[in-house]
Amino acid sequence: MESSVLTSSLTICLLLVLAVAPAQAVEEPEECASPVSVEVACRSASETHHGVAYDHCVASLAADPRSKEAGSLQGLAMLATRMAIDHAASTEAKIDDLADLEPEDARARYNHCLDQYGGAADLLRDALDNLKVRIYGTAMEQLSAALGAAESCEDAWKDDQINVPVAAHDREYGRMAHIALGFTHHAAA
């Protein structure tokens, strides 16, 4: 009788261990990400991507408190993508405000820019989703496609030799999108 109680107790313990083990395995990350500093990530991106200026990259990311939590190259790529989304949204809001000041018949340029930035923000959000699940190739395609918003917006003013009213916003958006692409490229390697 004592042996059957012992066997039952051991069986219960074994079942408990087996029941808990898979739950613990799920909680652990699939792989350990190598920690990387903003400076190292920006140096790598600036050396391989012409659109990434090292000093601007470091200054932009270091100024964002979320960069301290990013830790890995993937985390920094996600942060740069979030920052590019923020820039796209603020540029879109600025364009919308400026369009409201124009007569109805003069809003075509602004509407073109609104379409460009709205599409870019959607692409960036999709890229962020792909970065989260480490689908780097698709994320890079989406980031590359989102880069064209600033240039396309500015092209709407070229024919008339008019200064682009959101040129500074366009530049900053483009710079952040390039940084996100550069980091994503290196995270994929």
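The following dialogue looks at how the helices of a predicted model pack together.

Modeller: In this predicted model, local features need pLDDT of at least 70 and side-chain atom pairs count only at pLDDT 80 or more, while totals for chains, interfaces and linings use all residues. Residues are numbered from 1 along each chain as its sequence is written, and side-chain values use heavy atoms, with hydrogens and water left out.

Biologist: Which helix gives the most to the largest nonpolar core?

Modeller: A nonpolar core is a set of buried Ala, Val, Leu, Ile, Met, Phe, Trp, Tyr and Cys residues joined through side-chain atoms within 4.5 Å, where buried means under 20% relative accessible area, exposed over 50% and partly exposed in between, with a 1.4 Å probe and protein chains only. The largest such core has 53 residues, and those with the most contacts inside it include Leu 61, Ile 95 and Phe 183. Helices, which are DSSP runs of H or I with at least four residues, are numbered from the N terminus, and the one that gives the most to this core, with 13 residues, is α5.

Biologist: Within what arc do the buried residues of α2 fall?

Modeller: The buried residues of α2 are Val 38, Ala 41, Cys 42 and Ala 45. The arc is that of the directions from the helix axis to the C-beta atoms. These residues line one face of the helix, because seen down its axis they fall within an arc of 95°.

Biologist: Which residues of α2 does Phe 183 touch?

Modeller: Contact means heavy atoms within 4.5 Å, and what covers the buried residues of α2 includes α3, α5 and α9. Leaving aside its neighbours within four places in sequence, Phe 183 is in contact with residues that include Leu 61 and Leu 73 and, among the buried residues of α2, Ala 41, Cys 42 and Ala 45.

Biologist: What is the angle between the planes of Tyr 117 and Tyr 173?

Modeller: Rings of Phe, Tyr and Trp (its six-membered ring) pair if their centres lie within 6.5 Å, and planes under 30 degrees apart count as stacked, over 60 as edge-to-face and the rest as tilted. Tyr 117 is in helix α6 and Tyr 173 in helix α9, 56 residues apart. Tyr 117 counts as buried because its relative accessibility is 0%, and Tyr 173 also has 0%. Their edge-to-face pair is 5.2 Å centre to centre, and the angle between the planes is 75°.

Biologist: Is Val 166 buried or exposed?

Modeller: Val 166 is found in the loop between α8 and α9, where its contacts, leaving aside neighbours within four places in sequence, are Lys 94, Ile 95, Leu 98 and Cys 153. Because its relative accessibility is 1%, Val 166 counts as buried.

Definitions and conventions: Helix = DSSP H or I, 4+ residues; strand = E, 2+ residues; numbered from the N terminus.
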